[in-house]
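Me: Please take me through the reasoning behind the terms used for this structure. I should like each term set against its criterion.

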Protein chains: 2
Amino acid sequence: MTREKIYLFDTTLRDGQQTPGIDFSVEDKIAIASMLDEFGLDYIEGGYPGANPTDTAFFSEKRTQSASFVAFGMTKRAGVSASNDPGLATLLQAKSDAICFVAKAWDYHVRVALGCSNEENLECIAESVKAAVAAGKEAMVDCEHFFDGYKANPAYAVACARTAYEAGARWVVLCDTNGGTQPSEIRAIVEAVIADGVPGTALGIHAHNDTGQAVANSLAAVDAGVRQIQGTLNGIGERCGNANLVTLIPTLALKDSYNVRFETAIDAARLEGLTGLAHAFDELLNRSPDHQAPYVGASAFATKAGIHASALLKDPRTYEHVPPETVGNFRKVMVSDQGGKANFINALKRRGIEVAKDDPKLDMLISIVKERESSGYAYEGADASFELLARRTLGTIPEFFSIDGFRVMVERRFDSHGRVKIVSEAVVKMIIDGHTIMSVAEGDGPVNALDLALRKDFGKYQEEIADLVLADFKVRILNGGTEAITRVLVESNDSHGVRWWTVGVSENIIDASFQALMDSVVYKLMKNRQMAGKIAAE
Amino acid sequence: MTREKIYLFDTTLRDGQQTPGIDFSVEDKIAIASMLDEFGLDYIEGGYPGANPTDTAFFSEKRTQSASFVAFGMTKRAGVSASNDPGLATLLQAKSDAICFVAKAWDYHVRVALGCSNEENLECIAESVKAAVAAGKEAMVDCEHFFDGYKANPAYAVACARTAYEAGARWVVLCDTNGGTQPSEIRAIVEAVIADGVPGTALGIHAHNDTGQAVANSLAAVDAGVRQIQGTLNGIGERCGNANLVTLIPTLALKDSYNVRFETAIDAARLEGLTGLAHAFDELLNRSPDHQAPYVGASAFATKAGIHASALLKDPRTYEHVPPETVGNFRKVMVSDQGGKANFINALKRRGIEVAKDDPKLDMLISIVKERESSGYAYEGADASFELLARRTLGTIPEFFSIDGFRVMVERRFDSHGRVKIVSEAVVKMIIDGHTIMSVAEGDGPVNALDLALRKDFGKYQEEIADLVLADFKVRILNGGTEAITRVLVESNDSHGVRWWTVGVSENIIDASFQALMDSVVYKLMKNRQMAGKIAAE
């Protein structure tokens with residue numbers, strides 16, 4: 001049996017940008033578009049060219065390889081022809097494959113917000129769609145306030161949708177702009193629109209989470225006949241967010257209610273990248289992933305000690321609604337110390353470290369990790385620091401060098417021209433084979449100065465670490481206030497294409513950064529030796 | 001027309017306790033039970049007496065005034081009589097008004113987890129319910145795995161529900177224990193159970209959020225006929241959490257789909273306490289409230305978009321699915337990169353700053369804000385910095401003092417005992433009325449040292465800023481890598497209960513922090529003068 005395709009339309013870069021606290025730079029948008037494109041979504045809406053410098057710059061090039069790249073914008077204004085509307089001209093010139101027009105579908109808003117007649121609004125929709133099609137673009141229309149508009153004036157809301165469709169729009173997207181519509185209403189209204197002449201194969205749904213039902217509303221619309229879903233990564237978006245694609249995609253793929261009749265571009269192999277995608281996006285936003293997120297959260301397949309635990313061990317499948325590995329997540333049973341131990345042994349094994357279950361050093365490592373995590377370390381995100389800690393505790397890592405101390409100074413003063421000047425300087429004193437090496441450097445900030453000073457002279461190791469690149473640096477303040485603890489995560493890479501993360505924690509941000517930088521260097525030295533050992537053995 | 005009552009059953013203290021990272025003490029439980037009781041819920045499930053010392057102690061007294069206080073526990077074991085089961089005896093002796101028994105309703109689990117026959121399990125359900133009723137308690141039965149069990153063996157799942165009902169259970173609760181059931185399945189199965197003889201007025205729903213649809217599943221069950229909903233505060237619970245009562249309650253109360261036919265114990269007056277309840281609960285858990293939470297989140301009624309903001313000001317109701325004040329929340333129109341002129345005028349108005357639409361200083365302010373936001377400032381999270389910038393640009397703020405410079409030093413070295421020692425010291429040089437004041441201080445980290453030095457001697461302003469408290473400090477690294485820009489947000493408050501946020505941006509974290517600290521002090525001095533002005537005018 002052929003399954004019908006549900007098209008996935010991502011609006012993380014457009015509607016997601018409306019999230020309070022989120023402002024994407026052009027570089028952010030490029031990085032996110034490429035994550036989405038690789039993952040395999042059908043449409044990636046990048047923003048509103050012409051509305052602000054970021055979006056205009058972003059649309060100066062096509063940013064996707066396989067996904068259709070979509071520009072968002074308003075329909076032409078009433079009273080001017082399509083060819084004389086500068087906003088429309090900017091949209092048509094943007095380097096996109098498709099244009100998604102936003103159009104009012106609630107007569108009240110046409111009057112109050114646009115100040116034109118109902119008929120003029122329909123004409124704006126039709127002419128804009130035609131202009132996009134004439135320019136060789138796929139056209140879509142987001143019918144704003146569709147459901148509230150339908151309740152107020154069903155005939156006019158449907159007229160907007162039908163006008164878009166008849167003018168040549170590939171997709172007419174029904175938007176629950178205020179987010180308050182209930183699933184049963186969505187279902188009934190979508191059915192009515194289809195009965196009124198717009199086929200479900202040309203309809204999309206754009207839901208918001210204001211009653212916690214954006215996912216349910218999207219699925220109710222699919223049940224009723226729409227074949228495109230608009231949503232965002234991790235459900236970001238205005239107010240309470242948009243429909244969460246990270247939740248919708250596995251439900252469509254794994255649940256009998258959907259996968260028997262429907263398919264999406266995300267096949268089983270791609271689906272295994274879902275947890276990674278969701279976490280990478282949170283990393284980019286520099287926020288902690290939601291542990292309780294459906295499918296991808298750290299707790300989504302976690303069971304705490306209790307009446308389920310022993311039965312879960314007998315047969316995990318009967319306690320899990322889907323197998324965690326299908327979405328790239330994993331099972332976590334927090335049953336007992338024994339269970340915790342098995343988790344650790346596995347984690348070490350994945351890093352090539354073999355340890356016996358009854359080795360007392362293993363207990364020591366577990367208690368060190370537990371103690372450090374309770375004081376703010378997060379080894380989940382810092383594999384290299386975890387591996388170093390494990391190897392230090394279980395086996396031996398040579399002491400390559402030792403640090404006698406460092407000093408960092410930041411000064412703000414006026415220069416001889418009366419301009420504010422900020423100087424950051426760092427001094428590092430280290431000992432290698434009994435010799436003291438002192439280095440000093442200035443940097444763009446205290447951490448940059450420290451990094452430059454640390455790596456300026458590494459004695460006999462200098463050449464080995466020449467290709468070490470500090471790729472990213474993240475700071476998180478834990479438990480707030482003046483007694484804040486700072487956690488610093490550093491991402492490094494080298495010319496072999498290896499990437500690793502290290503962590504430092506301190507009440508002093510400079511010291512936390514220093515710990516993470518040190519771990520990064522030691523990890524690199526250790527890996528160099530492992531690699532040399534492998535080559536020698538071959 | 002009489003409306004049917006939907007009973008609200010809170011399981012925050014029982015199923016919510018399964019949340020990874022949450023462990024309630026007896027004192028926590030007492031505090032939460034009293035919050036829930038005051039708010040007006042029908043049932044409060046407190047835990048499992050006999051399962052652990054906390055729950056046993058909690059049930060040594062009745063903990064509610066008006067809500068029914070519910071103890072949770074297993075049905076009697078197979079092979080012993082109800083009067084000879086020590087677990088059941090403990091439950092019956094607990095100081096509760098009602099007992100909620102958990103019973104297996106999936107034949108596979110009866111066999112694998114309980115190891116008894118299907119008939120023995122039915123007998124356990126019936127006898128346990130009868131024992132509770134005989135002890136003068138209201139009896140309910142949570143049918144675990146009901147929906148998965150129904151799919152595997154519908155006749156047996158229904159037999160479990162009917163046995164409980166016929167034995168005298170006031171409520172038979174259908175549980176989606178693994179959380180993977182879809183709303184359409186919930187609806188169909190609930191309808192089948194009612195058709196098979198258990199009336200909807202005796203049925204409850206217990207949904208989990210594993211596909212992000214716990215709220216939708218609960219409402220689908222209500223649509224199909226159940227009249228009790230089990231859920232938790234802010235949706236805490238095992239894995240992805242339970243149905244969120246904080247989302248369900250206002251939907252039942254405010255949406256036509258429900259409030260025409262149904263009522264709950266939460267009337268309009270109580271509903272206004274909802275946001276307060278949700279935030280107080282997060283406070284007790286020591287975690288920041290979810291800004292995007294439906295109804296009660298700080299962003300739930302926040303608008304950022306320029307195109308919506310101007311229409312929103314004309315008629316807020318058409319852009320809000322419910323009035324924010326009905327749930328004790330409030331409207332927020334934010335300043336941001338995307339905001340238009342109307343948005344700005346309104347943002348200024350709320351801060352008591354009147355400006356004409358055609359005032360050239362307004363255009364200047366808008367362009368300064370846009371330029372600063374593109375360089376990394378985020379004014380939507382820093383109201384006080386925005387107000388200062390606006391007043392500086394539009395009107396005048398006295399120059400209270402000027403900063404000649406500062407110097408911050410962080411040193412890591414060994415002390416005389418060979419222990420690592422980290423010292424942070426800051427020197428600040430400021431000028432007030434032509435006099436230079438230099439202060440030095442040591443702190444827990446460089447920013448703390450700077451804050452202490454800055455406020456150590458403020459000359460004639462010292463007393464005025466004595467009650468300024470630095471409450472929180474957040475760091476965000478923008479655009480990563482070594483050329484990172486750092487944004488610092490500082491939250492301050494004072495003895496008048498005023499709270500304000502300020503922002504600083506720099507490639508140097510120390511300088512960014514300094515800007516935010518300075519803005520905080522200047523804001524405080526400005527507000528003191530405004531307040532003094534008001535008092536003088538009265």
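Reply: The turns below take up the barrel, the domains, the cysteines and some individual residues. The model is predicted, so that local features need pLDDT of at least 70 and side-chain atom pairs count only at pLDDT 80 or more, while totals for chains, interfaces and linings use all residues. Residues are numbered from 1 along each chain as its sequence is written, chains are lettered from A and ligands numbered from 1 in the order in which they are written, and side-chain values use heavy atoms, leaving out hydrogens and water.

Me: What makes strands E7 and E8 of chain B a pair?
Reply: Two strands pair if DSSP finds at least two bridges between them. Strands E7 (residues 171-175) and E8 (residues 203-206) of chain B share four bridges in the parallel sense, and therefore they meet the criterion of at least two. B:Leu174, for example, has B:Ile205 in E8(B) as its bridge partner. Strands here are DSSP runs (E, at least two residues), as are helices (H or I, at least four), numbered from the N terminus.

Me: In what order do the strands of the chain B barrel close?
Reply: Eight parallel strands close in the order E2-E3-E4-E5-E6-E7-E8-E9. The twist from one strand to the next averages 25°.

Me: Across which strands does helix H5 of chain B lie?
Reply: Helix H5 (residues 118-134) lies across strands E5 (98-104) and E6 (138-144) of chain B, at about 180° to E5(B). Such angles run from 0 to 180 degrees between N-to-C directions, with axes fitted to C-alpha atoms, for helices over the stretch in contact.

Me: How are the domains of chain A bounded?
Reply: Chain A is assigned domain 1 (4-266) and domain 2 (302-393), bounds that come from an automatic or database domain assignment. The centres of these two domains, taken over C-alpha atoms, are 42 Å apart. Separately, an unreviewed UniProt entry lists "domain: Pyruvate carboxyltransferase" at residues 6-272 of chain A; UniProt annotations may be inferred rather than shown by experiment. That stretch is 43% helix and 17% strand.

Me: Why is B:Cys124 not counted in a disulfide?
Reply: A disulfide is a pair of cysteine sulfur atoms within 2.5 Å. The closest cysteine sulfur to that of B:Cys124 belongs to B:Cys116 and is 5.6 Å away, which is too far for a bond. B:Cys175 is likewise in no disulfide, with the sulfur of B:Cys143 nearest at 6.9 Å. The search of the whole structure finds zero disulfides over all chains.

Me: Why is B:Cys175 called buried?
Reply: Buried means under 20% relative accessible area, exposed over 50%, and partly exposed in between (1.4 Å probe, protein chains only). B:Cys175 has 3% and is therefore buried. B:Cys124, at 3%, also counts as buried.

Me: Why is A:Asp433 called exposed?
Reply: Its relative accessible area is 53%, and so A:Asp433 is exposed. This residue lies in the loop between strands E14 (420-432) and E15 (435-443) of chain A. Its phi is near 50°, a positive value in a residue other than glycine. Most residues other than glycine have a negative phi.

Me: Why does B:Asn234 count as buried?
Reply: B:Asn234 has 17% relative accessibility and therefore counts as buried. Its phi is near 55°, also positive.

Me: What does A:Phe458 touch?
Reply: Leaving aside residues up to four places away in sequence, A:Phe458 touches residues including A:Phe401, A:Met430 and A:Val521, where contact means heavy atoms within 4.5 Å. At 0% relative accessibility, A:Phe458 counts as buried.
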